[in-house]
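Subject: Structure handover

Hi there,

Here is the structure I promised to pass on to you. Please have it open while you read, and my notes follow below.

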Amino acid sequence: MEVVICKTREEASKLAANMITAAVKKNPKLVLGLATGSTPVLMYTEMANAVKAKKVSYRQVKSWNLDEYVGLAGTHDQSYRYFMNENLFKKIDIKLANTHVLNGLAEDVDKECRAYEAQIKKAGGIDIQVLGIGSDGHIAFNEPGTSLKSRTSCVYLTPSTIRDNARLFFKGKEKDVPTRALSMGVGTICEAKKCILLAFGKGKADAIKGCVEGPMSQFCTASALQAHNDCWIFCDEAAASKLKLKKYYAWRSATKLGI
Ligand code: F6R
């Protein structure tokens, strides 16, 4: 696990975007796993800037998103499909048909989840998986108590996630946040060839501590990434503030990145 600690979230987002841009340039048919939420927005803007500057093209890239709320159509302005269209897909030259988000209105959710996993497998697996982290240490919507081997399935959000998501989205109304979601599993995520996790602000400090230095445990599902052999954490100083070895991680990752 490499922990890149930057002064600002802008700097961290730029470095993470550069890593993705370089990977797409190297392999124009890259398979991306994508995340929603407030955290990756700046990175998506940087990725879009690189397309605008003609440094890279996403015409042959395929993507699969981590999760979607149950009960929301992709046209709903709080759905993750809508979020991705607005914050990334409309701003880059990816073909919309090559982008995949779980269907929150699927009648048979198990069938939907099985089909999603099969699509990813058929595409050759995810090359780079983008992740945020919940304040309770979740990745995708894999809440505390979820098996670290879980697969894509219908999951139940904790009250703290519902509160967090209402704060930033759903106009602050907790009662409007769906209580269930379809989510890639921890096991599914860990099969990605590379993972890039972003975390900003002091509200993520405990989660990052658990993810990087805590015991590997289903009570912080992000800690499963400790067993991944190509996982990069891009964070600001506030999110890294509780790490015991933060100076060492910062030096090691900066050396590896040549920054
Ligand atoms: C979103 C997702 C979630 C978020 C996490 C952090 O697709 O899978 O795990 O990454 O809840 O959300 P923000 O970035 O809004 O703090």
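How many bridges join strand β7 to β8, and in which sense do the two run? There are four bridges between β7 (residues 153-156) and β8, and the strands run antiparallel. Within that pairing, C154 has L182 of β8 as its bridge partner. Please keep in mind that this is a predicted model.

Strand β8 (residues 180-183) also pairs with β4 (residues 67-69), again in the antiparallel sense, this time over three bridges. Here Y69 is found opposite A181 of β8. Y69 turns up again among the aromatic residues: ring pairs link it with Y80, F141 and F170 into a cluster.

Now to the seven-stranded sheet. This sheet is open, its pairing is parallel, and its strands come in the order β1-β10-β9-β6-β2-β3-β5. The edges are taken by β1 (2-6) and β5 (99-100); each has a single partner strand, so one side of each lacks a neighbour in the sheet. Further in, β2 (residues 31-34) and β3 (residues 62-65) pair over four parallel bridges, with L32 opposite S63 in β3. Helix α7 (residues 205-213) lies across three strands, namely β1, β9 (194-199) and β10 (231-236), and runs at about 155 degrees to β10.

Another helix you may like to check is α1 (residues 9-26). At 1.5 Å a residue, its 18 residues should span 26 Å, and the end C-alpha atoms are indeed 26 Å apart, so the two values agree. A good number of its side chains may interest you: the buried residues in α1 include A12, L15, A16, M19, I20, A23 and V24, and S13, A17 and T21 are buried as well.

Finally, the aromatic pairs. Searching the whole structure turns up eight of them. In one, the ring centres of W232 and F234 are 6.3 Å apart; their planes meet at 20 degrees, so this pair counts as stacked. Both W232 and F234 are buried. Another pair, Y248 with W251, is tilted, with 6.1 Å from centre to centre and 40 degrees between the planes. These two residues sit three apart in helix α9 (residues 246-257), about one turn of the helix. Y248 is partly exposed at a relative accessible area of 38%, whereas W251 is exposed at 55%.

Happy to talk it through whenever suits you.

Best wishes

Methods: Residues are numbered from 1 along each chain as its sequence is written. This is a predicted model: local features need pLDDT of at least 70, side-chain atom pairs count only at pLDDT 80 or more; totals for chains, interfaces and linings use all residues. Side-chain values use heavy atoms; hydrogens and water are left out. The expected span of a helix is 1.5 Å times one less than its number of residues. Buried means under 20% relative accessible area, exposed over 50%, partly exposed in between (1.4 Å probe, protein chains only). Rings of Phe, Tyr and Trp (its six-membered ring) pair if their centres lie within 6.5 Å; planes under 30 degrees apart count as stacked, over 60 as edge-to-face and the rest as tilted. Two strands pair if DSSP finds at least two bridges between them. Contact means heavy atoms within 4.5 Å. Axes are lines fitted to C-alpha atoms, for helices over the stretch in contact, and angles run from 0 to 180 degrees between N-to-C directions.
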